[in-house]
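Here are a few exercises to work through with the structure open in your viewer. Try each task before you read its solution.

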Amino acid sequence: MNGLLKGKIKMVKTAYFDQYGRCIPEALMAKVYEQSRRYFSVVQPKINYAETYQRFDRVFDIANDLSLQEFERRAEAILNVLSDTGITQSVGVPIILPKADYSDIGQAIDDIYLKAVQQSFNAMFPDYSFVNHNSSSLAGQFSIASGSRHDKLIDAMKEGVVVAYFFPCLLEYSVPAAIEQISHLPEQFLLAGGFDTAAAFIGNPDLLVRKDGYAPLLWMSGLNVETEGVGYHFESYGYDLTFNRRVHLAKVAEYWASSLVVLG
Amino acid sequence: MTNEINIVNDSLLTPEEAEKRNGLRTRKPYVAEKLANIQTMEDRGEISPIIRLEKSYLCNFQCTHCSAEYYMDRHLEKVLHVKEDREQIDMEDIRELSRQADEMGLARFVITGGEPLVMRDLDEVVAAIDPEKHYVILDTNGWFLDDNKAKHLKLIGIEKVQLSLDSIIEEDHDDFRNKPGSYKRVMRAIDATLDAGLNLLLSTVLIKGQVHTKEFVELCKFATDKGVGLYVSYAKPTGSCTDHPEFVIEKEDADILRQLEKDYSVFTHMTPSYGSHKGCITVKGIITVTSSGEITPCPYIDFSIGNVKKMPLKYILSQGMNNPWLGPHRPDCLIGEDPKFIKIHTEKTAGATHLPLPWGEGFTENDSLTD
């Protein structure tokens with residue numbers, strides 16, 4: 001009896017993600033492509049905890065608060081916990097967020113995180129560029145999207161340095177569909193916003209760089225923007241990485257994706 | 001209010017783009033205002049495609065890579081042994097198209113073909129479009145574009161000339177165009193266009209591997225030194241290029257070109273411009289009206305999204321935008337890079353005599369990305 005029950009629980013858990021780690025849409029009201037031909041896909045970068053740690057330490061000076069060993073231990077522990085959910089089939093990268101309590105998320109993204117992405121990207125790709133196309137200030141632009149669980153990440157950052165895993169697995173979801181999907185997932189899955197998405201590129205600047213195909217655009221869906229139907233995102237352009245704002249109007253595109261984050 | 005919107009939208013422009021916009025504003029304020037509103041329209045989720053008008057396919061060239069060759073009478077009659085028996089668009093259709101486009105806030109027409117400068121009724125077509133309401137561009141091989149013709153084009157309201165130049169090497173250009181002497185005529189046309197005060201855009205077709213060549217970089221440099229943009233169109237597996245699949249580029253070609261954009265005045269249809277980052281511009285940024293009134297979502301896709309003689313332009317554009325291949329944002333060229341769509345397009349158009357395939361035969365209401 002216990003064995004049957006265990007089997008049933010496992011079946012429910014594995015159904016959240018498909019064999020490639022894409023989060024399976026759960027009868028959503030918002031727009032999403034039920035199936036994917038995986039034309040726009042992220043390729044798993046090689047995970048090297050030491051190099052990733054160095055990149056974070058270079059921009060955030062975290063050595064006093066988190067050792068490399070602790071980073072690797074906490075990150076690997078996340079993967080162990082998630083091993084039977086299917087999400088580990090998705091591309092995933094470990095991230096570090098320093099302890100912080102920002103009064104304005106947009107201001108912090110502008111002043112700290114985008115500059116850190118630029119520094120990290122330039123260090124890995126001196127011949128290419130990180131281009132911020134957004135010409136106006138992000139101050140006051142963002143609030144946490146209701147239902148996204150992104151508040152848990154912001155709260156965790158207030159408590160101390162955060163180690164998490166970032167999974168760009170909500171492929172071909174509209175922004176509202178990504179938020180809606182969260183309510184169908186276990187509690188540990190949070191929708192990525194600005195800090196965590198930027199951190200993914202700080203730790204792995206090559207996350208969207210592909211020579212043989214196109215990677216999807218990644219929305220910061222855990223954050224609501226002042227203007228309805230507008231969002232901010234990271235996107236590759238050739239061998240460059242870009243940050244920009246665009247209208248999405250709750251539409252879906254094969255090229256658009258959002259990301260999940262699991263805290264460790 | 002309109003001025004405030006325009007100031008905000010102009011802030012997204014490069015200094016060169018802003019200078020051109022201001023020049024137009026003094027000459028054709030109505031057209032300039034419509035162009036300035038495009039960003040606002042896009043922010044509302046509306047589209048503002050350039051309308052390419054192919055009223056006639058008559059041409060004095062027979063180029064290796066021509067996307068319109070299969071639409072030409074010479075191909076239908078000599079190769080396929082059929083006649084063009086579909087109803088053709090007339091001046092009244094063009095006036096009505098212009099009116100509907102204006103009503104929707106659309107602002108740009110490109111007269112193409114075929115070769116527009118062999119059209120006997122070119123002046124009448126320009127008047128039917130109405131250059132006071134629309135920014136009118138002429139797409140030409142330059143053979144007939146001398147000083148007098150350039151001045152005449154300016155006089156009748158053309159704003160910009162798009163001139164084909166396929167290589168900076170004279171022999172290569174002439175070979176690709178199958179027309180000895182055409183390179184020299186292009187050089188003459190460049191000077192004539194600039195001297196007449198027309199805006200100029202050079203256009204070239206990029207084939208696989210060409211982006212690596214010294215000659216291509218020289219072509220980029222030539223355009224930049226002239227102070228004009230070089231519009232690069234990828235060779236697509238359609239039209240005359242159907243027989244040259246080896247011309248179709250790979251992502252690496254596109255990416256190297258994206259890097260060249262940083263150093264030269266070179267761009268593709270997917271390069272961000274005037275503050276807009278559209279990616280593939282099917283329907284969103286361009287449509288083509290064929291001589292039979294069919295509207296295709298791109299000059300290289302031989303599937304119609306509706307016929308302007310049979311249904312309103314607004315409905316046709318909506319039908320196109322609702323198609324999963326065409327409406328959603330994507331960064332790559334659908335017909336130039338997506339193998340699945342290229343296969344569908346090749347299979348459906350194989351053996352077809354009259355292109356484009358009408359709505360329901362090429363694109364359909366039931367199209368899916370995953371079927």
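**Exercise 1. In this predicted model, work out how helix α2 (residues 15-27) of chain B and helix α3 (residues 29-36) of chain B pack.**

Solution.
- Start with the general idea: a packed pair of helices is described by the angle between the axes and the distance between them.
- For α2(B) and α3(B), the angle is about 140 degrees and the axes are 6 Å apart.
- Now name the arrangement. Angles over 145 degrees would count as roughly antiparallel, and 65 to 115 as roughly perpendicular. The two helices are therefore oblique to each other.
- Next, find who does the touching. From α2(B) come R21(B), L24(B) and R25(B), while α3(B) brings P29(B), V31(B), A32(B), L35(B) and A36(B).
- Sort those residues by class and you get six nonpolar, two charged and no polar.

**Exercise 2. Which residues of helix α12 (residues 251-260) of chain B are buried, and what do they pack against?**

Solution.
- The buried ones are D253(B), A254(B), D255(B), L257(B) and R258(B).
- Look across to the other chain: β8 (230-237) of chain A is one of the elements they pack against.
- The rest of the packing comes from chain B itself, with β5 (199-206), β6 (229-234) and α14 (334-337).

**Exercise 3. Decide whether D263(B) is buried or exposed, and place it in the chain.**

Solution.
- Locate D263(B) in the loop between α12 and β7 (266-267) of chain B.
- Count its neighbours: there are 11 other C-beta atoms within 10 Å. The cut-off for exposed is 12 or fewer, so D263(B) is exposed.
- For a sense of distance, try I207(B): D263(B) is 56 residues from I207(B) in sequence and 20 Å from it in space, C-alpha to C-alpha.

**Exercise 4. List the buried residues of helix α13 (residues 313-321) of chain B and say what covers them.**

Solution.
- Reading along the helix, you'll find L313(B), I316(B), L317(B), Q319(B), G320(B) and M321(B) buried.
- Their cover includes α6 (91-103) and β9 (295-296) of chain B.

**Exercise 5. Describe the overall build of chain B, then of chain A.**

Solution.
- Chain B has 15 helices and nine strands. Its radius of gyration is 19 Å, close to the 21 Å from the globule rule for 371 residues, so chain B is as compact as a globular protein of that length.
- Along the principal axes, the C-alpha trace of chain B spans about 50 × 50 × 40 Å, and 47% of its residues are buried.
- Chain A has seven helices and 10 strands. Its radius of gyration is 17 Å, close to the 18 Å that the rule gives for 264 residues, so chain A too is as compact as a globular protein of that length.
- In chain A, 52% of the residues count as buried.

**Exercise 6. How many residues does each chain give to the contact between A and B?**

Solution.
- Chain A puts in 19 residues and chain B 18 residues.
- On the chain A side, strand β9 (residues 240-247) gives the most, with three residues.
- By class, that side has eight nonpolar, five polar and six charged residues.

**Exercise 7. Where in chain A does pLDDT stay under 50?**

Solution.
- Take the whole chain: mean pLDDT is 94, and 95% of residues in chain A reach 70 or more.
- The stretch to flag is residues 1-14 of chain A, where the model has six contacts beyond four places in sequence.
- Low pLDDT means the predicted coordinates should not be read in detail.

Key
Residues numbered from 1 in each chain as written. Chains lettered and ligands numbered in written order. Predicted model: local features only at pLDDT ≥ 70, side-chain atom pairs only at ≥ 80, totals over all residues. Contact = placed C-beta atoms within 7 Å. Helix = DSSP H or I, 4+ residues; strand = E, 2+ residues; numbered from the N terminus. Nonpolar A, V, L, I, M, F, W, Y, C, P; charged D, E, K, R; others polar. Axes fitted to C-alpha atoms, helices over the stretch in contact; angles between N-to-C directions. Parallel < 35°, antiparallel > 145°, perpendicular 65-115°, else oblique. Rg over C-alpha atoms; globule rule 2.2 N^0.38 Å. Buried ≥ 20, exposed ≤ 12 C-beta atoms within 10 Å, placed from the backbone. pLDDT = per-residue confidence, 0-100.
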